[in-house]
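Got the viewer open? Then let's take a walk through this structure together, one selection at a time.

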Amino acid sequence: MSVFKLSATLNAHSADVRAVVAPFNDTIISASRDKTVKVWTKDGFWNPRDNFVSNGYVNSLAYDEKTTSVLSGGQDKLINVTDLYTSDVDPKFVLIGHESNVCALDCDGKEVISGSWDTTAKVWENNLLKYTLEGHSASVWDVKILGNGRYLTCSADKTVKLWSKDKEIRTFVGHLDVVRSLALLPDGVGFISTSNDGTIRVCDFDGKLVQELVGHESFVYDVIVLPNGDIVSAGEDRTIRVWREGKAIQVITLPCVSVWSIASLPNGDIVSGSSDGMVRVFTRDPERTATIDEIKEFNEAVESMALNAQSFDESKTQPPETLQRPGKKEGQVIVVKSPTGINEAHQWSEGKWNKIGEVVSGGTSDQKQEFDGKTWDFVFDVDVQEGAPPLKLPYNASENPYVAAQRFLEKNELPMSFTDQVVDFIAKNTQGVTINQASDTVNPYADVRRAKLVPHTDYLGFTSNNSDAILKGVKKFNETEKSFTDDELKLIENAFQTQDTEYLFKVATTILTNWTNALPGFDIIRLIISTVPAPPEVLGDVFDKGLTPNSPPILFMTFRIISNIFLNTTWGVPIITDTGITTRILNQVALTDGTGKHAVNVANALATVVLNYSAYACKYKSSKIADLVANTLKTKGLEVAQASSEAAYRLSVAWGNLVYVDGGLRAEFEQFKKGIKYNEQRFKDVFEDIAAL
């Protein structure tokens, strides 16, 4: 069996290459965070030229063969249409409509479909908007045109959706994390999806799982199907993997941190775009293979990569003679202590062991710290609220600080607007300790232009998946409560893994009914309430037991549940905005003397619910809900705002929504504004926007 070998390394971009398209054997199109779209043509050698220069990062590409048009999208929220064969300063057409980064494009010669962080996909025809596909609750990471008015989309909400025109006709679930990319199977029999959960799922359009491909060690960013039917994937583990009949037949490791995008040339060669700014071509044809010196340079670059020891179990380091024995499977990685005492990572591929880097620590060994069951180079204390205990920020010197910042903010349910501040904090406290950062410390999410903050009509929730922590809590308290046998605990663990919401609701009901400390039951409901198809019977018990000030943890968990009910697009909003239920909920918006150390969590949860009700009032011009929210803000707003700057900010946005609905409330808002003592830029921004209403 022939294997892929390096054919060419194309070096002209100055930052990550986020998208590649290969319309012809002698033509490659690439898009980069350096704000350029380049066209590479082969005439003996690959020669680049700029096709378009954007005002922001360019993250997505498509090619329209019918009109020879290049479509590019990115941070500027626009879809720019240029001609493949020219390098005009201005695009031929600009498709305007998305409200955030355009991260996915597809074209079939008649229609164009785009996906965005604004949670929508849009279908365009003749450069005009045809449909807006609304249904995802998070960023739409990839889009495909199926033909006959049918489309496929995938999202950070962990789902894949099938559409007929602008109507959602089926939702596919199965991935446990963000779904990043899609590919269509030949003859229209199904599709392939990849995810941050590290898996690749092959499904038919009835939702049946045909195959699950497991092997990647981190996020899987892209997937394609070669002309011969082989599946190829790429991801954060810096590998390209070739799959056949459900098994990896080749693993290609690149000298970078992330392989963002892959494409297939018509002749079956693979093109990749990666975080080191390179476009690479791999071929099975000996006639197109790179020179011996070029391949040697590529292999040496892979071998010289410094790999974080955190990614390996160094207690299982093998002696050098292990390399004399064959590996167990394609892509297997082992750590071998070399004769010089250096720990080297070797990967089994193409029938032999290949060195893929040297295993090093981000800091000295005595700096390692334990946190959350893992070891880290650093664990920082971060003070986010005066009088509240500091939050823990774990960080490894070899990782992208933006990834660490977003992980910290998501876990602690803090706004992503703090990302740059957290990154600056990491940089100041880890000066001189970096491994393989280079261009990978660029923030792909930064936007140079500030969007208006009010009116705000999107519902917010508390959706972080902490199922491992919930399961530990269930097991711990069950030692005293004794409601579940060991076999039942295994079933509960499996239910978390398979997202069996029906079984998890039964578990939560048992806990709410019988346990002295019912917090794990409330947390289970919080985790799954936004996705269940119908209101659960236990919801009444949640309100009865949760809307009391006696237990601050139960109170803030109940308000988190209420926030997440707003996110349930099937039944949530009609139920939670019933006037009687709304009144009952908003009457409990207050901090009590017993809140104590839970003040920040309670305040943030209360403020989120108030914000969601204001968003509803703003979206549907509901004077009844607006009056209830206004009364709550006037009587309890400042009290809640004093406990947390995040709560204060969300309540400020809620006031903006109310002023948008009823300008007569501006005087009451000004009274609230006088009581806000936080000096963060975001308060200045939202107050400025409210003043402009």
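Here are a few stops to click through, with a word on what you'll find at each.

Before you start, keep in mind that this is a predicted model.

**Stop one: strand β8**

Select residues 79–83, which make up strand β8, and pick out threonine 82 within that strand. With a relative accessibility of 4%, threonine 82 counts as buried, because the cut-off for buried is under 20%. Now show its side chain together with that of asparagine 51: a polar contact of 2.5 Å joins the two. To see who else is around, leave out residues up to four places away in sequence; threonine 82 then touches Asn51, Phe52, Thr68, Ser69, Val70, Pro91 and Lys92.

**Stop two: strand β33**

Jump to residues 369–371, strand β33, and select phenylalanine 371 there. Is phenylalanine 371 buried or partly exposed? At 22% relative accessibility it counts as partly exposed, because the buried class takes in values under 20%. Add lysine 392 to your selection: it sits 21 residues away along the chain, yet the C-alpha atoms of lysine 392 and phenylalanine 371 are separated by 8.4 Å. Lysine 392 is also one of the residues that phenylalanine 371 touches, along with Trp376, Val379, Pro394 and Lys411, again not counting residues up to four places away in sequence.

**Stop three: strands β35 and β36**

Keep lysine 392 on screen, and select strand β35 (residues 378–382) and strand β36 (residues 391–395), which pair in the antiparallel sense over 5 bridges. Look across from lysine 392 in β36 and you'll find aspartate 381 standing opposite. Strand β35 is largely enclosed by the rest of the structure, since 4 of its 5 residues are buried.

**Stop four: helix α15**

Next, select residues 666–674, helix α15, and highlight phenylalanine 669. At 1% relative accessibility, phenylalanine 669 counts as buried. Which residues does phenylalanine 669 touch, not counting those up to four places away in sequence? They are Trp655, Val659, Phe687 and Ile690. For valine 659, 10 residues away along the chain, the C-alpha atom is separated from that of phenylalanine 669 by 7.8 Å.

**Stop five: helix α16**

Finish with residues 681–691, helix α16, and colour its buried residues: Arg682, Phe683, Asp685, Val686, Phe687, Asp689 and Ile690. Two of these names, Phe687 and Ile690, are contacts of phenylalanine 669 from the previous stop. Finally, switch on α14 (645–661) and α15, which are included in what covers the buried residues of α16.

Definitions and conventions
Residues are numbered from 1 along each chain as its sequence is written. This is a predicted model: local features need pLDDT of at least 70, side-chain atom pairs count only at pLDDT 80 or more; totals for chains, interfaces and linings use all residues. Side-chain values use heavy atoms; hydrogens and water are left out. Helices (H or I, at least four residues) and strands (E, at least two) are DSSP runs, numbered from the N terminus. Buried means under 20% relative accessible area, exposed over 50%, partly exposed in between (1.4 Å probe, protein chains only). A polar contact is a pair of N or O atoms within 3.5 Å; within protein, one must be able to donate a hydrogen and the other to accept it, and residues adjacent in sequence count only if both atoms are side-chain atoms. Contact means heavy atoms within 4.5 Å. Two strands pair if DSSP finds at least two bridges between them.
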